[in-house]
Amino acid sequence: MTSKYLQSFKDILTDRRTEYSNFMWISRHLDPKAAYERLIKPTPNFHKEEVLRSVKIQEIIDRISRETGLQKGKLANNVWTILNEIGFNKRLSIIRWLGFLLTKIGLQVYSGIKVNEEKLLKIKEQMGNKPVVFLPTHRSYADFIVMSYLCFTYNIEIPAIAAGMDFYSMWVMGSVLRDTGAFFMRRSFNNDHLYWDTFRQYIHQIITEGDLPLEFFVEGTRSRSGKFLVPKLGLLSMVLKPFFTAGIPDILFIPINISYDRVLEEKLFAYELLGVPKPKESTSGFFKSLSIMKENYGNLYVDFGDPISGREFFGGVVNRALHNIRPIHLQEFTEQEKSLTAKLANEIVINQQKCSVITTFNIIALALTNNYAMGCKGMKVEDLVEDVSWINDYLIHFGAHTELDSVDIQSALKVHKHLIEITSEKTVKLVDHCVALKSIDSSKLRGHALSQDTMNSILPFVMLQLYVNPALHYISQSAMIIIILQHHKLINKDNLFTQYTFLQTLFSHEFVSCNTGSNSKFEELLQDLANVALIHCDSSGYYLSDSNKLQMFLRNNFTPFLFTYYTICNLLLQSDGMVNEKTAAATVQSQIEKLIAVRKCFIHPYCLNLDTIANAFSSLTSMEIIRKEKVDDDTFWNVNMEQLINLCCKIEVYLDAELRVDKLQPSRTVLLSSKL
């Protein structure tokens, strides 16, 4: 899994750098491969007209007209307005000009755009007789156009891409995106049932009657943290419905991973994670962002997971004949189909993980984070080189594709010179940052108003963590085993499995995994850890080896998440049992800020990020330790104190003594009360 795997990738910018004219290339004759070839090519307007004429929409118009007295013609006009808001368009001239612009930007800011060409061409060969759905990871706004640019390069129909309404409202850019295949969806439909039904019928139409690939992000939003997110099921369910109801013979899902040496929005993401709201998307903002062309963002990698056929994945488990009893437009998902949709979504994310590329700087970030966690202020260059080497070996053992052999450490550091510096003493350290807090409107903060000193000191750590997180799926499961064995010293397999499953459940919203509760995957993990001499087993049970360096590395990169969850649990214990949802995250941030300031031991500043705090509350909700309740116009979490105390006891044993609270019982001090 070394860079030999990456040697098969093709840099699609190489030809653009050497050809006589980029304009001649974008002007070439195109005969793109369709996802689902049709006798008559459907137009964007055809899809909208078919939605309006569909039995489902006509029945909805009739029903609303009877219930409200509105004229059918007015309701039909409302549907047409919604379709014009939603629907994609295709203008080849715009596609060509955008291709030219993207080529120039790519040549300026990227060292290379490296694509697993062999896999892409195999996918192209499978296209033509079924709907195809591209499912890229979502780490940057650049993801929207990467697949379109690849399709343009490899003569594949540019996909219809699901985009948020933020882009729709952008002057000029909204129209450009629509003309290159974007269709728009509202983040929330609220009680607008007409919009909801029209949107669902539009998806049904482009799946059953369209010829283009469909593209959307199964995670639902950009991952500001760089981690893989728990998948959302809404759009995936809409796409699957025609298959479950036998409206199409098969459907092909393509998991795609887009990996970045350096993310365009890294500083913006760090601010957002700390509670500073993102600026509204605008055309002026887009042109201001073109200042990125002055900087180098290294390589961009695109890899493809094995295509997932709906027919093969669901096999004989789903009886599609069940839906023959009623008209298709009246069919609803069965409980089994809902469960299988979630299973498919998880499988897609797992396949995205498998084809991720771990860059040299990802490994540097892991090494530096581990070094800071041990109380050091920086690393000598030679020590960094040594640590990067053995961390790379560990990642390769667990299946990672790394670029270390092809991209040296000095080159990687140069791309990130705004974040990492090498001092005159040959020490590698984080660059100091000065945050302009005066320019931030504190009334719009999503969390606690962190102090100037805090923001200045933590921002580099949070930015660095954005490059640790893409590799965490190779670390988190091993780290769980290690921290259990560090506490117990010796433990039998059944007890180890029980505690491992507990940690998997607790962090199920934090780390997407294929092996939660799976005994066979647990056995495989133990064997992998034994193969790298991290753990041993005899007749008495499992215990750790003497490989302290690797054990501490795994522990140090997992502890920030464990500590955040632990802190939240202890704050909840200090409440009166009813916690205001609006103020909870800010209170957690405030408490962690205080702990960072007063504790002598290292507390990773990433513990302040709102994503992990939100994931912890989601996990506690799933475990039924807290539950949401509406009181007047506010939402509160009702805390089950008995279960919470039990959870705190379970978590505490896995933390170092200096990170634990003095007494594990509800305090008289109410830090999180319903009054907040």
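This is a short walk through two hollows and two helix pairs in a predicted model.

**Stop 1: the largest cavity**

Start inside the protein. A search of the whole structure turns up four cavities of 30 Å³ or more, and the largest of them has a volume of about 220 Å³. To find the spot, select R139, G226, I258, Y260 and P470: of the 20 residues lining this cavity, these are the closest to its centre.

Now colour the elements around it. Those giving two or more residues to the lining are β7 (252–260), β10 (357–358) and α21 (452–468). Which element gives the largest share of the lining? That's β7, with four residues. If you colour the lining by class, you'll get ten nonpolar, eight polar and two charged residues.

**Stop 2: the second largest pocket**

Next, move to a pocket. The second largest one has a volume of about 1300 Å³. Select R187, G220, T221, L229 and K232, which lie nearest its centre out of 50 lining residues.

Several elements each supply at least two residues of this lining: β4 (160–164), α10 (165–168), α13 (234–244), α14 (266–273), α26 and α27. Try giving each one its own colour. Which helix gives the most to the lining? Look at α27, which gives seven residues. Colouring by class here shows 25 nonpolar, ten polar and 15 charged residues.

**Stop 3: α26 and α27**

Keep α27 on screen and bring in α26, since both helices help line the pocket you just left. Select residues 581–598 for α26 and 610–622 for α27; the two pack at an angle of about 120 degrees, with their axes 10 Å apart. That angle is why the pair counts as oblique. As you turn the view, note that α26 passes α27 in a right-handed crossing.

Now show side chains where they meet. On the α26 side, pick A584, A585, V588 and Q589; on the α27 side, pick L610, I613 and F617. By class, this contact has six nonpolar residues, one polar and no charged.

**Stop 4: α18 and α19**

For the last stop, hide everything but residues 360–373, which form α18, and residues 381–397, which form α19. Their axes come within 9 Å and cross at roughly 115 degrees. Are these helices roughly parallel or roughly perpendicular to each other? The range for roughly perpendicular is 65 to 115 degrees, so α18 and α19 count as roughly perpendicular. Their crossing is right-handed.

To see the contact, select I363, I364, L366, A367 and L368 in α18, then L384, D387, V388, I391, N392 and L395 in α19. Colour them by class and you'll find nine nonpolar, one polar and one charged.

**Before you close the viewer**

Flip back once more to the two hollows: β7 gives the largest share of the cavity lining, while α27 gives the most to the lining of the second largest pocket.

Conventions: Residues numbered from 1 in each chain as written. Predicted model: local features only at pLDDT ≥ 70, side-chain atom pairs only at ≥ 80, totals over all residues. Heavy atoms only, no water. 1 Å grid on protein atoms, 1.4 Å probe; cavity = no way out; pocket = protein on both sides within 12 Å on 5 of 7 lines; lining within 4 Å. Points joined across faces, edges and corners; volume = space filled by probe spheres on them. Nonpolar A, V, L, I, M, F, W, Y, C, P; charged D, E, K, R; others polar. Axes fitted to C-alpha atoms, helices over the stretch in contact; angles between N-to-C directions. Parallel < 35°, antiparallel > 145°, perpendicular 65-115°, else oblique. Left-handed = near helix turned anticlockwise from the far one by under 90°. Contact = heavy atoms within 4.5 Å.
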